[in-house]
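Got your viewer open? Let's take a walk through this protein, one selection at a time.

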Amino acid sequence: MDLERLITALGPVEVRGGAPTDIADLAYDTRQVGPGALFFCVPGERADGHDLAGEAVERGAAALVVERPLELGVPQVIVPSSRAAMPVAADEFFERPTEELVLGGVTGTNGKTTTTFLLHAIFEAAGMRPGLIGTIESRVGGESRPAVRTTPEAIDLQRTFRAMLEAGDRSCAMEATSHGSELGRLERVRFTALAFTNLSQDHLDFHETMERYYEAKRRLFTEHEPAPAAAVNVTNTWGRRLAEELRQLDRAPLLTYGTVPEAELNTHPALERSRLAGGFNVENVLAAAAVARLLGLPDAPVVEGVARLPGVPGRFEAVDEGQPFTVIVDYSHKPGALEAVLRTARNITGGRLICVFGAGGDRDRGKRPMMGRVASELADVAIVTSDNPRSEDPRAIIDQILTGVVGPVEVEPDRRAAIELAVEQAGDGDVVVIAGKGDEQGQEFADRKIPFDDREVAREALRRLGAPA
């Protein structure tokens, strides 16, 4: 694509060293730069792309997008924000792919992944050839790709949308995160319909306040053009607020859903066919059904799609080695999610409820005592351990969790040993919940990342107990 076309898309900008230049690709990471690339110099937490521009040029970059002029002999497009320019240029370069896709999005604190999988299954049942973008994986043309981050950077995201279309996909189910909204990754993404699941404390290390966290979600409904049709869960306070604000704006169709009488969609035939365990999955099924209804889909593919989905990896996933008690692995790493999972587990146990949990390092510290309170109040046995401590001292994280506990808890910083301890204590009819990491394949420390899968660790512990193979 000619550089002039991208400059026109970016609006009034200053160009230095300008000349007709063909752009072969877009990049923000020097490792991805090839001949003819347009390189975006994005300031980041660890490095400033302006400092790496020379390397990008050496690798073949034909032009740069910069926030300040650089002494380099290639055309430079000077913009107020290189990050903000990326989604605009990427949308243009990849020929506005979300104008061609039916795009169903899901945003909220909890339930995004499961609802996205449900929506993908519904689209499949409806013959809509769906792609998928989410926490666990992406799917393009029916092939799975590992997810690097839940919401990719704008260039990667628009490239993926175009790849879906070229592979024959005609729709996409996508998780839409508050980080993606705040950092502009979701700009120029045209959601056909978007679901709001709920809001509870998380990511305040990034957003700082719940109000700013909410605004990052709200922006997806109110500032995108065209405005997406909105499916809003009014079972929670934040959802009720969003629904009321959207009614006042009256920019796009709105359908409320939830488990409360005032919700416009509070039941659906798909609920009877769902194989997903847990009361919280009622809201997830209703969310997917609400999006489908906004898209004009009949109930039949909704029921069929929901019935097809046996479960989602690491989301209330059972580990069964023939033991006389239940072991559940779940991704719940936030107070609200942990509470929902433990309440559901309580409903299925005839004995004690045992919970293994921790909290991630370099993340919202305010939720740590809240998680300690939830686990100690709702579980009969709470075992506090490490999650992904990252750069923090695991014991310091545990100490912060302990400030919120009510009553006695057990502490075992080694996550493998904590899981083994929980399994060894469990008896007939008990339920063991291993919370926090779900389907993750590793555990992150300050100086290393080790292979670690809660499901496999639990399975190994059960086998050592002599459970049948």
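How many disulfides does the count come to? Keep that in mind while you select the cysteines: the count comes to zero disulfides. Two cysteines to click on are Cys41 and Cys355. Cys41 has a relative accessible area of 0%, so it counts as buried. Cys355 is buried too, again with a relative accessible area of 0%. By the way, what you're looking at is a predicted model.

**Zoom out**

Show the whole chain as a cartoon. You should find 17 helices and 21 strands. Turn the protein around: its C-alpha trace spans about 75 × 50 × 40 Å along the principal axes. The radius of gyration is 24 Å, which agrees with the value near 23 Å for a compact globule of 469 residues. Colour by accessibility next, and 56% of the 469 residues count as buried. Now think about contacts between residues at least 6 apart in sequence: 70% of them join residues at least 24 apart.

**Look inside**

Next stop, a hole in the protein. There is one cavity of 30 Å³ or more, and the largest cavity has a volume of about 80 Å³. To see its walls, select the lining residues, including Phe221, Thr222, Leu246, Leu249, Asp250 and Arg251. Helix H8 (210–222) and helix H9 (237–249) are the elements that give two or more residues to this lining. Colour the lining by class and you get nine nonpolar, one polar and two charged residues.

**Hunt for the unusual backbone spots**

Before you go on, a bit of background: most residues other than glycine have a negative phi, and most peptide bonds are trans. With that in mind, here are three places to click.

- Select Glu225 and Pro226. The peptide bond from Glu225 to Pro226 is cis, with omega near -5°. You'll find Pro226 in the loop between H8 and strand S12 (229–233).
- Jump to Arg188, in the loop between helix H6 (178–182) and strand S11 (193–196). Arg188 isn't a glycine, yet its phi is positive, at about 65°. Is Arg188 buried or exposed? Somewhere in between: Arg188 counts as partly exposed because its relative accessibility is 36%, and the partly exposed range lies between under 20% for buried and over 50% for exposed.
- Finish at Asp362, in the loop between strand S16 (353–357) and helix H14 (367–378). Here phi is near 60°, a positive value in a residue other than glycine. Asp362 has a relative accessible area of 32%, so Asp362 is partly exposed.

Key
Residues numbered from 1 in each chain as written. Predicted model: local features only at pLDDT ≥ 70, side-chain atom pairs only at ≥ 80, totals over all residues. Heavy atoms only, no water. 1 Å grid on protein atoms, 1.4 Å probe; cavity = no way out; pocket = protein on both sides within 12 Å on 5 of 7 lines; lining within 4 Å. Points joined across faces, edges and corners; volume = space filled by probe spheres on them. Helix = DSSP H or I, 4+ residues; strand = E, 2+ residues; numbered from the N terminus. Nonpolar A, V, L, I, M, F, W, Y, C, P; charged D, E, K, R; others polar. Disulfide = S-S within 2.5 Å. Buried < 20%, exposed > 50% of the residue type's maximum accessible area, 1.4 Å probe, protein only. Rg over C-alpha atoms; globule rule 2.2 N^0.38 Å. Contact = heavy atoms within 4.5 Å.
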